[in-house]
Amino acid sequence: MADAPPTGKLPDDAEPLAYALNLKIDPRADRFSGRVQIRVKLTKPLDHIWLHASEIDVDKIEVTDALGKVHQAHFEMRDKSGVAEVSFNGTLSAQNVELAIDYNAAFNTKLQGLYKVKVGGDSYVVTQMEAISARYAFPSFDEPRFKTPFEVTLTVPKEEVAVANTRPIKEAASGDGQWKTISFAKTKPLPTYLVAVAVGPWDVVDGPTIAANSVRKQPTALRGIAPRGAGPQLKWILQQTPPIIAYYENYTQQPYPFDKLDLLGAPDFSAGAMENAGLIVFRDALLRIDANSTASTYRTGFNVNAHEIAHQWFGDLVTVPWWNDIWLNEAFATWAQGKATVDLKPDFQGDLSRLEGTLGAMRSDSLLSARKIRQPILSNDDIQTAFDGITYQKGAAVLRMFEEWLGETNYRQAMRNYLRAHALGSGSSDDLIASIAAASGKGETVEAAMRSFLDQPGIPFLHTKLGCKDGKATLAVSQSRYLPFGVVSSDHLQWKLPVCVRFDRGGKRSKQCFLLDQRAQDFAVDGGCADAYLPNADAVGYYRFAMDETDFAALRKLVATLPPAEQVIYADSVSSAFVQGTFSAGAVLDAMPGLANSDVPQVAAALFDQFAWIREYLATDATRPILDAYAMKLYAPRLAALGLQPLPADTPMTTEMRVRLVGFLAFVVRDEALRQELNRQGRIALGLDSGGTVDLTRINPDLRGAALKAAVQESGEPAFRAIIGELTVNHQTRQRYELLAALGATHDAKLGEEARNYGTTPAVAVGEIASLYSSHVAESENRGAFWQWMQTHYDPLAGRFPDQNQSYVLRVAGAGRCTKPQYEELQTWFAQRAPTLIGGQRVAAQSLETIDQCFALRAHAGANALEGWAQSHR
Ligand SMILES: [Zn+2]
C-alpha cells in the first residue's frame with residue numbers, strides 16, 4: 001500500500017472489459033445485495049488495483065486468473081470520494097483476470113446510485129448514476145472512458161416489475177416461488193454512468209412501435225413506465241416519441257443504437273431526466289400529461305424527451321472520454337433538441353424557447369466568476385458542478401452559431417462523420433472540432449474560433465458603427481468582454497467569431513456575415529449604405545452589442561417590423577445596456593411600448609424581468625404607483641382581450657401569452673382586481689366556499705398555479721390549510737409543485753415559518769423541495785425571515801439534498817439581496833458553509849458577485865432614478 005489513492009482518474013494499468021451484475025432487490029426492504037463480476041485486463045504485473053465503491057459492505061472478494069486459478073484478495077476503502085483498493089495475495093502478471101465481489105448496501109435515500117422512494121404505500125427503487133454515483137450501486141471503474149458490455153440480472157419479489165437497459169431474455173422463479181430472477185440481454189458497450197435498473201409496482205404501457213426505416217431495418221419496441229395508476233397519462237408522450245427517433249436517424253444516418261426504448265417516470269428524481277441507454281428516466285411530472293396538464297407541461301415534456309433521445313446518439317453511442325468534455329454531451333443534446341422541436345412542433349416556438357435559454361445563460365456568463373464551457377476538471381467537485389446553464393445553453397448556442405456560419409449541410413456532414421468514426425466508443429470535443437473544421441473546408445479558422453468560445457468564459461461585446469461615404473458603406477466593429485456596471489476585468493479577452501448583420505434599405509432586408517478576428521475591424525458592406533441594421537441577424541450570434549447612438553435610433557424605428565427573435569435581441573440590448581449603466585431605467589421603460597403589442601409572448605414579455613428589478617430596487621413609494629399604472633396601461637388591455645378562461649381558438653402562443661400576462665400583472669405589478677379574481681378561482685379549486693373537498697380540476701390548468709398562489713396570499717390560513725391537506729393525498733407530481741410553490745409564496749409571517757419547516761419533513765419529496773423555497777424567497781416579504789430561519793435550520797434542509805445539489809441552499813440564501821450589509825453578512829456565512837459543499841465555492845462567488853452588482857447598479861442609478869421619468873409619465 002505504497003501509493004496514495006487516485007482521487008482523479010484511475011491509473012491505466014487495469015482496464016475493465018465486461019461486467020456481469022446480479023442484484024437482489026426488494027423495494028420494501030432497506031438494503032439490497034449484489035454480486036459483480038468484472039473482467040479486468042492487467043496491462044502490467046500488479047499486486048493491487050484501484051476502483052470505485054461507496055457506502056458498500058463487501059462480503060467476499062476473489063480474483064480468478066487467466067488459467068482459472070482462484071486467488072484471495074482484499075478490499076479496502078481508501079478515500080471517502082469512493083476510491084477502493086483491491087490487493088492481491090502476491091503479484092499477478094499482465095493478463096485478463098476476473099474479479100468477483102459479493103456485497104450489500106443500504107438503498108440510498110438521497111436520490112443517488114440505487115435509491116428508494118415511497119409514494120403512499122408503494123415503494124420504488126430507481127437508479128441515477130451520472131455523474132459518479134454508480135459506485136454506490138456496484139463496485140466499478142466509474143469513469144466514462146471505460147465502455148464495456150454489461151450483463152444484468154435482477155432477482156426481485158415475484159409481484160414486482162423489474163426493468164433494465166435491455167430486453168429481458170430469461171425469467172425463472174425461485175424454489176419457494178417468492179422471487180423471480182430476470183436476465184437481461186447483454187448491452188452494447190456502456191460507461192457505468194449509463195447503466196440503469198428500476199424495480200417496483202410500476203404501470204407498464206406499450207407505446208406505438210418505432211417503425212423500421214431506411215436507416216434502421218428492424219422495428220423497435222417502445223414502452224412507458226410510471227408509478228402505479230399513472231400509466232394512462234403516458235399516452236401523449238409515447239405518441240410523440242417515434243417521430244423524434246426518426247428525426248435523429250435521418251439527421252445522423254445512424255440507427256437508434258439500442259434494442260428497445262423505455263421512458264420511465266420516477267416518482268422522485270434529482271434532475272429533470274437521465275439519458276440511460278434504452279431506459280430513459282424522467283421526473284414523472286415530465287411524462288404524466290393529460291387534459292388537466294398545463295400547456296407548458298406539454299411543451300416541456302416534449303423538449304426534455306427530445307433532449308434525452310438525442311443523447312442516445314450524443315453521449316450514449318459516442319461518449320466523451322472524460323468529464324472536462326461533458327459540455328459536449330449536454331450542448332449536443334440541447335442543440336439537437338432545439339432542431340427537433342423546431343422541425344416537429346412549429347407551434348411550440350422552439351426557436352424562441354432556445355433564444356430565451358441562451359439569454360438565461362448570458363445572465364450567468366456576464367459574471368466575472370463565470371466558468372468556461374470546457375472547464376478543466378481538478379476534483380470531483382468540478383465533475384458534479386459541470387452541469388449548468390453554461391454547459392447546456394451556452395454550449396448549444398455556440399454549436400448553433402457555428403452551424404449558421406458554416407451552413408447546415410456541411411455541419412450535418414461533420415456530425416455524421418464524427419458519429420460514424422466514434423460509434424460505440426469515445427469521442428472528445430477536439431475530435432468534433434476537427435470533424436467540423438474538415439467538413440467546412442475552413443480548417444484552422446474554425447478551430448481557433450470554436451476554441452475561443454470553449455476555453456474562455458464570458459460574452460463577446462461588440463461596438464458597431466456604420467459609416468457611409470460616396471454610396472459605399474463600412475461597418476466598424478470592435479470587441480471586448482461584456483461586463484455589468486462597475487465590474488472591471490484585467491484579462492482583455494478576445495474572440496474569433498462570425499458576426500451576421502441584418503441590413504435594411506427602404507424596407508428591403510438583407511443579411512451579411514463577417515468574421516471578426518481582431519480587436520477592431522472595418523468591414524465593407526455589400527449593397528452600399530443602409531437605413532438601419534441589427535448586428536445579430538436571426539439572433540443566432542452568442543454575443544451582445546452596443547451600437548453607435550444614431551445607428552441605434554434608426555434601429556429603434558424599425559423594431560415593430562423585425563421578426564420576433566430579432567425583437568427579443570433588441571430588447572436584450574436595451575436591458576444589457578441598463579445593466580452596464582449606459583442606459584437609464586427610463587430608457588428600459590420607454591422601450592416597453594414598442595414590444596407590448598406583439599402577439600408573440602416572448603416579445604411582449606421581453607422586458608418583464610428588467611421591469612421587476614427596477615420596480616423592486618429603484619422605485620420609491622412615490623414612483624411605484626406610476627410604474628404600475630404604466631405597466632397596466634400597456635398590458636391590462638391585452639389580458640382583458642384574452643380573458644382568463646381557455647377559448648376554443650387558443651393556440652399554444654395565446655395560452656402562453658395569457659400565462660405570462662397573469663404572472664406579471666398579478667405578482668409583479670400586483671393588480672388588485674386580478675389578484676381577487678385569481679383568489680376566487682383558487683378558493684373554488686380548494687373548495688373553501690362550498691365547504692367541499694379540494695378538486696384542482698375545477699379551474700383552468702394553465703392558471704392553476706397562479707390561482708393557488710393568489711389564494712394563499714389573499715385568503716391566508718384557510719387556503720394554506722387546504723393545501724397542506726391536499727398534499728397528503730395528491731400524488732400528481734406537477735400539481736404538487738404548484739401546491740408547494742403556493743405555500744412558499746405566503747406573505748404571512750406565521751404561515752411562512754410553517755412553510756419553511758414543512759419543507760424539512762418527509763411530506764415534501766427531495767425533488768420537490770426547490771418548488772417550495774424558490775417560490776418563498778422570490779417574495780421580497782419573506783427574505784428577512786428566511787435568512788433568520790436558515791441560521792438554525794441549515795443542516796436539516798441541506799442534509800435532505802443529494803450531495804451535488806446541496807449548494808442550492810446557498811443559492812436561495814442569496815436570492816434577491818441587494819445591499820452592502822447583506823453582502824457582508826452572506827460573505828461571512830458562506831465562508832463557513834461553502835467549503836464543505838460540492839460546488840459551494842462557485843455558488844458563493846456567483847451569489848456575492850450578483851449582490852455586489854445589484855447594489856452597485858442601484859447606487860449608480862441613484863435614489864431619484866425614476867423621478868424625472870415619473871414626472872413625464874404621471
Ligand atoms: Zn442532457
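Modeller: One convention before we start: two strands pair if DSSP finds at least two bridges between them. And keep in mind that this is a predicted model.

Biologist: Fine. Which residue in strand 19 stands opposite Met-274?

Modeller: Strand 18 covers 273-274, and its partner strand 19 takes in residues 279-283. The two strands pair over 2 bridges, in the antiparallel sense. Across from Met-274, in strand 19, you'll find Val-281.

Biologist: Which are the edge strands of that sheet?

Modeller: It's an open sheet of 5 strands with mixed pairing, and the order reads 15-16-17-19-18. An edge strand pairs on one side only, and that holds for strand 15 (203-206) and strand 18.

Biologist: At what angle does helix 4 run to strand 19?

Modeller: Helix 4 spans residues 295-311. It lies across strand 17 (260-266), strand 18 and strand 19. Its angle to strand 19 is about 150 degrees.

Biologist: Now the metal. What spacing do the donors of the zinc ion follow along the chain?

Modeller: Two histidines, His-307 and His-311, each give NE2, and Glu-330 gives OE, at 2.0 to 2.1 Å. Read along the chain, that makes H-x3-H-x18-E.

Biologist: And how many residues apart in sequence are the parts that His-307 and Glu-330 tie together?

Modeller: His-307 sits in helix 4, whereas Glu-330 belongs to helix 5 (residues 326-344). Because the pair sits in two helices, it ties together parts whose separation in sequence is 23 residues.

Biologist: Are His-307 and Glu-330 buried or exposed?

Modeller: The cut-off for buried is under 20% relative accessible area. His-307 comes in at 6%, and Glu-330 at 1%. Both therefore count as buried.

Biologist: Zooming out, what is the radius of gyration of the chain?

Modeller: We're looking at 30 helices and 26 strands. For 874 residues the globule rule gives 29 Å, and the chain's value is close to that, so it is as compact as a globular protein of that length. Along its principal axes the C-alpha trace spans about 90 × 75 × 55 Å. The radius of gyration is 28 Å.

Biologist: What percentage of the residues count as buried?

Modeller: The accessible surface comes to about 32,500 Å², with 51% of it belonging to carbon and sulfur atoms. Counting over the 874 residues, the buried share is 58%.

Biologist: Last one: among contacts between residues at least 6 apart in sequence, what share join residues at least 24 apart?

Modeller: A contact here needs heavy atoms within 4.5 Å. Take the chain's contacts between residues at least 6 apart, and the share joining residues at least 24 apart is 71%.

Definitions and conventions. Residues numbered from 1 in each chain as written. Predicted model: local features only at pLDDT ≥ 70, side-chain atom pairs only at ≥ 80, totals over all residues. Heavy atoms only, no water. Donors = N, O, S within 2.8 Å, 3.2 Å for Na, K, Ca; no water. Helix = DSSP H or I, 4+ residues; strand = E, 2+ residues; numbered from the N terminus. Buried < 20%, exposed > 50% of the residue type's maximum accessible area, 1.4 Å probe, protein only. Axes fitted to C-alpha atoms, helices over the stretch in contact; angles between N-to-C directions. Rg over C-alpha atoms; globule rule 2.2 N^0.38 Å. Areas by Shrake-Rupley, 256 points an atom, 1.4 Å probe, with all protein chains shown as cover.
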